[in-house]
Amino acid sequence: ENGVSSFGAWYEWWPAEAQQYWDDISVSAGDSITVTVSAASTTGGTTTLTNNSNGQSVTFTWTGESPALCEVNAEWIVEDYSVGNNLVAFAEYGSVTFTSNSAVVGGVSTSDLSNTYIANMVSESDNSDVISASAVSGNDVTVVYQ
């Protein structure tokens, strides 16, 4: 905002879009972060975020959430966000790499993400103008600002 970068850790129950910020953990550009999400049921589970760079860790427990989870996918996302009904200016973030990713879906564990669906972010004014591109290599996901 006004040329000053700020960072925050947040979590979301999707598809309800129930976003909450963790105020009791700090994150900065370049930090190494580990996130573990575990669905105990279609309406609850736990989310743990550990900032490996500063040693802080926080856990949130979900219970009785609605709508129910489908429990069939996992996502690694770099995205823009809105304040009110307006998108904020998209940050020129360089690149972000999610490493050593794995998921257990339907009781089956995978760490090879090469057959996954890739979604690139496109300009709101021109759906063919890619502004954030993704690539997968083994169990790493890299997202690059274009």
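The following paragraphs describe the fold, the second largest pocket and several loop residues of a predicted model.

The protein chain contains zero helices and 13 strands, so that, read from the N terminus on, its elements run β-β-β-β-β-β-β-β-β-β-β-β-β. For a chain of 146 residues, a compact globule would be expected to have a radius of gyration near 15 Å, and the value of 16 Å computed for the protein chain agrees with that expectation. The C-alpha trace spans about 40 × 35 × 30 Å along its principal axes. Buried residues account for 16% of the 146 residues, while the area exposed by the protein chain comes to about 10000 Å², of which carbon and sulfur atoms supply 47%. When contacts between residues at least 6 apart in sequence are considered, 43% of them join residues at least 24 apart.

The second largest pocket holds about 720 Å³ of space. Strands that give two or more residues to the lining of this pocket are E9 (103-105), E11 (121-122), E12 (130-137) and E13 (140-145), and the largest share, four residues, comes from E12. In total the pocket is lined by 30 residues, with Trp-76, Ile-77, Tyr-117, Ile-118 and Ala-119 lying nearest its centre. Sorted by class, the lining comprises 19 nonpolar, seven polar and four charged residues.

Several residues of the loop between strand E5 (57-62) and strand E6 (82-83), the loop in which Tyr-81 has its place, can be described individually. Tyr-81 has a relative accessibility of 48% and therefore counts as partly exposed; with residues up to four places away in sequence not counted, Tyr-81 touches Asn-86, Leu-87 and Val-88. Pro-67 also lies in the loop between E5 and E6, and the peptide bond that joins Ser-66 and Pro-67 is cis, with omega at about 0 degrees. Ala-68, which is likewise found in the loop between E5 and E6, is partly exposed because its relative accessible area is 44%. The C-alpha atom of Ala-68 is separated by 29 Å from that of Thr-97, a residue 29 residues apart from Ala-68 along the chain.

A second loop, between strand E2 (18-22) and strand E3 (33-39), contains Asp-31. The relative accessibility of Asp-31 is 25%, so this residue counts as partly exposed, the partly exposed class beginning where the buried class, defined as under 20%, ends. Once neighbours within four places in sequence are left aside, Asp-31 is in contact with Ser-26, Asn-51 and Ser-53. Asp-31 and Gly-138, by comparison, are 107 residues apart in sequence, and their C-alpha atoms are 22 Å apart in space.

The loop between strand E8 (95-98) and E9 holds Ser-100, whose phi is near 55 degrees, a positive value in a residue other than glycine. Ser-100 counts as exposed because its relative accessibility is 60%, the exposed class being defined as over 50%.

Note on methods:
Residues are numbered from 1 along each chain as its sequence is written. This is a predicted model: local features need pLDDT of at least 70, side-chain atom pairs count only at pLDDT 80 or more; totals for chains, interfaces and linings use all residues. Side-chain values use heavy atoms; hydrogens and water are left out. On a 1 Å grid over the protein atoms alone, a cavity is a set of points where a 1.4 Å probe fits but cannot get out, and a pocket is an open set with protein on both sides within 12 Å along at least five of seven lines; lining residues have an atom within 4 Å of a point. Grid points are joined across faces, edges and corners, and a volume is the space filled by probe spheres set on the points. Ala, Val, Leu, Ile, Met, Phe, Trp, Tyr, Cys and Pro count as nonpolar, Asp, Glu, Lys and Arg as charged, and the others, Gly among them, as polar. The radius of gyration is taken over C-alpha atoms; the globule rule is 2.2 Å times the number of residues to the power 0.38. Buried means under 20% relative accessible area, exposed over 50%, partly exposed in between (1.4 Å probe, protein chains only). Contact means heavy atoms within 4.5 Å. Accessible areas come from the Shrake-Rupley method with a 1.4 Å probe; for residues, only the protein chains shown count as cover.
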